[in-house]
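Open the model in a viewer and keep the sequence panel visible. The stops below are meant to be selected one after another.

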Amino acid sequence: MRKVRIGFVGVGNISGTYLKNLTTLFRDIEIAGVCDLIRERAETAAETYRIPKVYDDMYALFADPGVDIVLNITQAYNHYAVTKAALEHGKNVYSEKPLAPTFEQAKELFDLAQSRGLLLGGAPDTFMGAGIQSARRYIDAGLIGTPLGAEARMITHGPESWHPDPAAFYQPAAGPMLDMGPYYVTTLINLLGRVDRVAGMARASFPERVAGCEQRRGERIPVDVPTHVNGILSFENGAVAHLLTTFDVYHPQHSAVEIYGSEGTLFVPNPNNFSGEIQLRRGNEDAVLPLLYGYRENVRGLGLADMARGLLTGRERRADGVQQLHVVEVMTGILRASEEERTVKITTPFERRAPMAAGLPAGMLD
Ligand SMILES: NC(=O)c1ccc[n+]([C@@H]2O[C@H](COP(=O)([O-])OP(=O)(O)OC[C@H]3O[C@@H](n4cnc5c(N)ncnc54)[C@H](O)[C@@H]3O)[C@@H](O)[C@H]2O)c1
């Protein structure tokens, strides 16, 4: 069977993980070419990973009939414009998270893809890894009884200490909710199902941040987004969850996600990773449960490989636009609820994605 050819728009900090995984792991995929506003980044990637083409810009990439899917791994504030342009040029798109910074823009992209018969999807794909997939199987098997609620926490003092271009994280298209929230919301909806209402309270604790990375040490970064965001999520199945995403807090001592059931509690691995420890507390029982699936390393690109499989076979995809749209509506709903001091109804449909198949060789999808 032929391979699906991927064109990279953006070859920055995270691209190395995609480049490595796409050239070594996934069997349905090959890289057609790369482009970046900083051309030498694209040239270095092409040389390192033996990629045949470096395009002058994204429009040259869109014009190449040899590209089946555009991988948009630009900064969050570029996601909407790059994805829109790619769709308008007739390309399927897989985008890093979030799909867009507002629900209206995300919906516009979703509708555009639908109207042109194009595939749209994107990160995160960590929910397809061993950790979240195993947790889901345990919950579905009734180990904790009926799910009642959840506690999810993404606690860090922000990425400015290490990221080479940290200002992007403090603009409205990012912040802790839009930048990291996708991992947590995607996990919660794959464990508990569709969200129907949210509430929120948020603040920006510091008006500016100071870059710590070597390239920009000491640079002052204005903060233009809430950086300590508390959301309450009400699920269609009756469960109620609290989600904290913060760039303001030091030294977390906590588990990332806890799912509370009528019979017990499941401690779920960090949704930013593909695996981790799963723990069950039930009565006097306290057990570490085995992982039941593969994909335990950093296999970013798994969702793209799943999309490629969908393109080849016509089957439904897991990290798709429906899921991304629901996640954007939930996250922006929490921020809106905080701004407008009210609860916000969630309108988009969502059904939990098909579980991963266990036992397939690495790099192959069902
Ligand atoms: N860095 C991480 O650890 C990490 C992890 C997971 C996901 N992500 C997500 O991946 C995305 C990229 O993150 P990053 O850390 O690699 O960012 P980055 O700033 O290091 O790289 C983005 C790259 O995109 C390029 N670019 C922007 N617009 C372009 C255009 N129109 N045409 C061609 N190139 C363009 C920039 O020149 C830059 O090289 C973000 O959405 C981020 O949230 C990052």
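The tour goes from the domains to the ligand, then to selected helices, and ends with backbone features. Bear in mind throughout that this is a predicted model.

**Stop 1: the two domains**

Colour residues 4-125 together with 298-316 as domain 1, and residues 126-289 as domain 2. The C-alpha centres of these two domains are 25 Å apart. Now select the boundary between them: 15 residues of domain 1 are in contact with 17 residues of domain 2. On the domain 1 side, the elements that contribute two or more residues are α4 (76-88) and α8 (302-313). Of these, α8 gives the largest share, three residues. Coloured by class, this side of domain 1 shows eight nonpolar, four polar and three charged residues.

**Stop 2: the ligand**

Select the ligand and show what surrounds it. The shell holds 22 residues, and the closest are Gly10, Gly12, Asn13, Ile14 and Thr74. Which element gives the largest share of this shell? It is α4, with three residues. Helix α4 was also met at the previous stop, on the side of domain 1 that touches domain 2. By class, the ligand shell is made up of 10 nonpolar, seven polar and five charged residues.

**Stop 3: helix α8**

Go back to α8 and isolate it. The helix has 12 residues, and from its first C-alpha to its last it reaches 16 Å, close to the 16 Å expected at 1.5 Å a residue. Is α8 largely enclosed or largely open? Nine of its 12 residues are buried, so α8 is largely enclosed by the rest of the structure. Select the buried ones: Leu302, Gly303, Leu304, Ala305, Asp306, Met307, Ala308, Arg309 and Gly310. Then bring back the strands around them; the cover over these buried residues includes β1 (4-9), β2 (29-35), β4 (69-72), β5 (92-95) and β6 (120-122). Just after the helix comes Gly314, which has a positive phi near 80°.

**Stop 4: helix α2**

Next select residues 39-49, which form α2; its buried residues are Ala42, Ala45 and Ala46. They lie on the same side of α2, because they cover an arc of only 100° around the axis. Turn the helix over to find the exposed residues Glu40, Glu47 and Thr48 on the face turned away from the buried side. Return to the buried side and display its partners: the buried residues of α2 pack against α1 (15-24), β2 and β3 (53-54). Strand β2 is also among the elements that cover the buried residues of α8. Arg50 follows α2 and has a positive phi, near 50°.

**Stop 5: Ile132**

Move to helix α6 (residues 130-140) and pick Ile132. This residue counts as buried because it has 30 C-beta neighbours inside 10 Å. Show its contacts: leaving aside residues up to four places away in sequence, Ile132 touches Thr126, Phe127, Thr187, Asn190, Val268 and Pro271. For a sense of distance, draw a line from the C-alpha of Ile132 to that of Met307 in α8. The two are 175 residues apart along the chain, and their C-alpha atoms are separated by 19 Å.

**Stop 6: backbone features**

Most residues other than glycine have a negative phi, and most peptide bonds are trans. The last selections depart from this.

- Lys97 and Pro98: a cis peptide bond joins them, with omega about -10°. Pro98 sits in the loop between β5 and α5 (103-116).
- Ala123 and Pro124: the peptide bond from Ala123 to Pro124 is cis, and its omega is near 0°. Pro124 belongs to the loop between β6 and α6.
- Tyr295: phi is positive, about 60°, although this residue is not a glycine. Tyr295 lies in the loop between β16 (285-289) and α8, and it is buried, with 23 other C-beta atoms within 10 Å.
- Glu341: phi is near 55°, again positive in a residue other than glycine. Its place is the loop between α9 (321-340) and β17 (344-345).

Is Glu341 buried or exposed? Glu341 is exposed, with 9 other C-beta atoms within 10 Å.

Terms used
Residues numbered from 1 in each chain as written. Predicted model: local features only at pLDDT ≥ 70, side-chain atom pairs only at ≥ 80, totals over all residues. Domains from an automatic or database assignment. Contact = placed C-beta atoms within 7 Å. Helix = DSSP H or I, 4+ residues; strand = E, 2+ residues; numbered from the N terminus. Nonpolar A, V, L, I, M, F, W, Y, C, P; charged D, E, K, R; others polar. Near = placed C-beta within 6 Å. Expected span 1.5 Å × (residues − 1). Buried ≥ 20, exposed ≤ 12 C-beta atoms within 10 Å, placed from the backbone. Arc of directions from axis to C-beta.
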